[in-house]
Amino acid sequence: MSNKLLVKNAKQVVLICNNGEKFLTKDGMQKLCVIENSSLVIGSDGLIKDIGPASTIDFQYAGVLFDKVIDATGMCVIPVVLFDYCVSGLVDAHTHPVWAGDRVHEFAMKLAGATYMDVHRAGGGIHFTVEHTRAALASTLLASLTGRLGRMQRAGTTLVECKSGYGLELQTELKMLEVIETARRTLPINISSTYCGAHAVPKGKTVAEATTDILKVQLPQLRERMSAGALRVDNIDVFCEQGVFDLSSTRSILQAGLDMGLNINFHGDELHPMNSAQLGAELGALAISHLEEVTDDGIAAMATAKTAAILLPTTAYILRLPQPRARDMLEAGVIVALGSDFNPNAYCCSMPVVMHLACVNMRMSMPEALAAATINAAYALGRSHTHGSLEVNKHGDLLVLNAPRWEHLIYQLGGHQELIRYVVIRGNVVYNNDKTMDF
């Protein structure tokens, strides 16, 4: 039986880690595992079979058939010679990619000084998108989702978290989850599915009424479809915030999801210090997103509980919020991950851009940012045993870069279109970019 893929003679292979680590914290994030002049083999099952010195791999696999061979020897590009680098596929740990309705007009409102909650109270924001998403056909939502995921994939994302949350009632939430399920089954990109029915309080309902609807109507129906095999849902999310879901309601909904076998992965401490971090740590949350207003006690609780912090630099940038305290979290031993927060309010499909912003605005180093967008983001989705690093028996998800150093993927703001030569998922080349440029 032939193997799927041989990537040979790479100048460097950025493994991220190589001892089965499920996550990296401060010191480990500074010392990523990188091997020189190496080759990588992906077997017929799409899993990494071997990684090692190019000469050793050449000898061991002499005469072995491969479906595809990528020769990553220096490519002669006049007037300089560039070398290919092999990097683990990127992981986007927080997105809202299923929706209808254009909110570009709200960007103008924000530029004029409107806050997130100003837009929300004016009938915009989530409620604007809810109205349009409820009215949209599933086929329309699937078409737009497919296009958005394709853009993410071309920017190097090989595993992405996808939330519902623009229905706020049973039928539309299920419609969104079914669209995500169809994408998961038919597209090459890996998907972690999140139920986010508590994304906002529906118009005309109180927090108590919305919480009851989720607990008594939505979650039981979701459990039924999951049990029947019609849906695979991995995580549960709540927007814990003033004017949205308070701590008590958040606790009830998250606990109910946990009892169903869902991972807790929720929005917390974004606009106000709600003590969401402490709640998440107490409940054993896998991850909490945003955390712009997290307290010192919250940071300490997350570090102790090994609850990942999914930081979203695009959101703080677009909404002009205080930057998440990445350095304080790293110093405290928190597992720091990154996400794009792709949604109509923060329209960014590119994890390389997210990593760049994390370095400039949150003062992360480039190795820290790459670890946060690979192994730690995979941990935040409960997938670091299969994704997030290049190790034997993990998924063969990787990027081949046309650059003199892997750091160019972060350094060149918006330059990934010319840097990413190949995107590979489970050993299949899903993006072949013949327009990479020299320097």
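In this predicted model, the lining of the second largest cavity is made up, by class, of 8 polar residues, 1 nonpolar residue and 1 charged residue. The residues concerned are Ser88, Gly89, Val91, Thr158, Thr386, His387, Gly388, Ser389, His395 and Asp397, and the space that lies in this second largest cavity amounts to about 50 Å³. With glycine counted among the polar residues, Gly89 and Gly388 belong to the polar part of this lining, whereas Val91 is its nonpolar member and Asp397 its charged member.

When the whole structure is searched, 4 cavities of 30 Å³ or more are found. The largest cavity has a volume of about 130 Å³, and it is lined by 15 residues, of which Tyr116, His199, Asp341, Asn343 and Asn345 are the closest to its centre. Divided by class, the lining of the largest cavity holds 7 polar, 5 nonpolar and 3 charged residues.

Pockets, which are open sets of points rather than spaces that the probe cannot leave, were examined in the same model. The largest pocket has a volume of about 270 Å³, and among the 15 residues that line this pocket, Phe107, Ile318, Asn345, Ala346 and Tyr347 lie nearest its centre. Helix H3, which spans residues 104-111, and helix H12, which spans residues 313-319, each contribute at least two residues to the lining of the largest pocket. That lining comprises 9 nonpolar residues, together with 3 polar and 3 charged ones.

The second largest pocket encloses about 160 Å³ of space, and its lining consists of Lys110, Gly113, Ala114, Thr115, Tyr116, Met117, Leu271, Ile318, Leu319, Arg320 and Leu321. At least two of these lining residues are supplied by helix H4 (116-121), and at least two by H12. By class, 7 residues of the lining of the second largest pocket are nonpolar, 2 are polar and 2 are charged. Ile318 thus appears in the lining of the largest pocket and again in that of the second largest pocket, while Tyr116 lines the second largest pocket and is also one of the residues closest to the centre of the largest cavity. Asn345, in turn, is listed near the centre of the largest pocket and of the largest cavity.

Helices H3 and H4 also take part in the packing around helix H5. Within H5, which covers residues 126-135, the buried residues are Ile126, His127, Phe128, Thr129, Val130 and Thr133. These buried residues pack against H3 and H4, as well as against helix H6 (138-154) and helix H7 (170-186).

How values were computed
Residues are numbered from 1 along each chain as its sequence is written. This is a predicted model: local features need pLDDT of at least 70, side-chain atom pairs count only at pLDDT 80 or more; totals for chains, interfaces and linings use all residues. Side-chain values use heavy atoms; hydrogens and water are left out. On a 1 Å grid over the protein atoms alone, a cavity is a set of points where a 1.4 Å probe fits but cannot get out, and a pocket is an open set with protein on both sides within 12 Å along at least five of seven lines; lining residues have an atom within 4 Å of a point. Grid points are joined across faces, edges and corners, and a volume is the space filled by probe spheres set on the points. Helices (H or I, at least four residues) and strands (E, at least two) are DSSP runs, numbered from the N terminus. Buried means under 20% relative accessible area, exposed over 50%, partly exposed in between (1.4 Å probe, protein chains only). Contact means heavy atoms within 4.5 Å.
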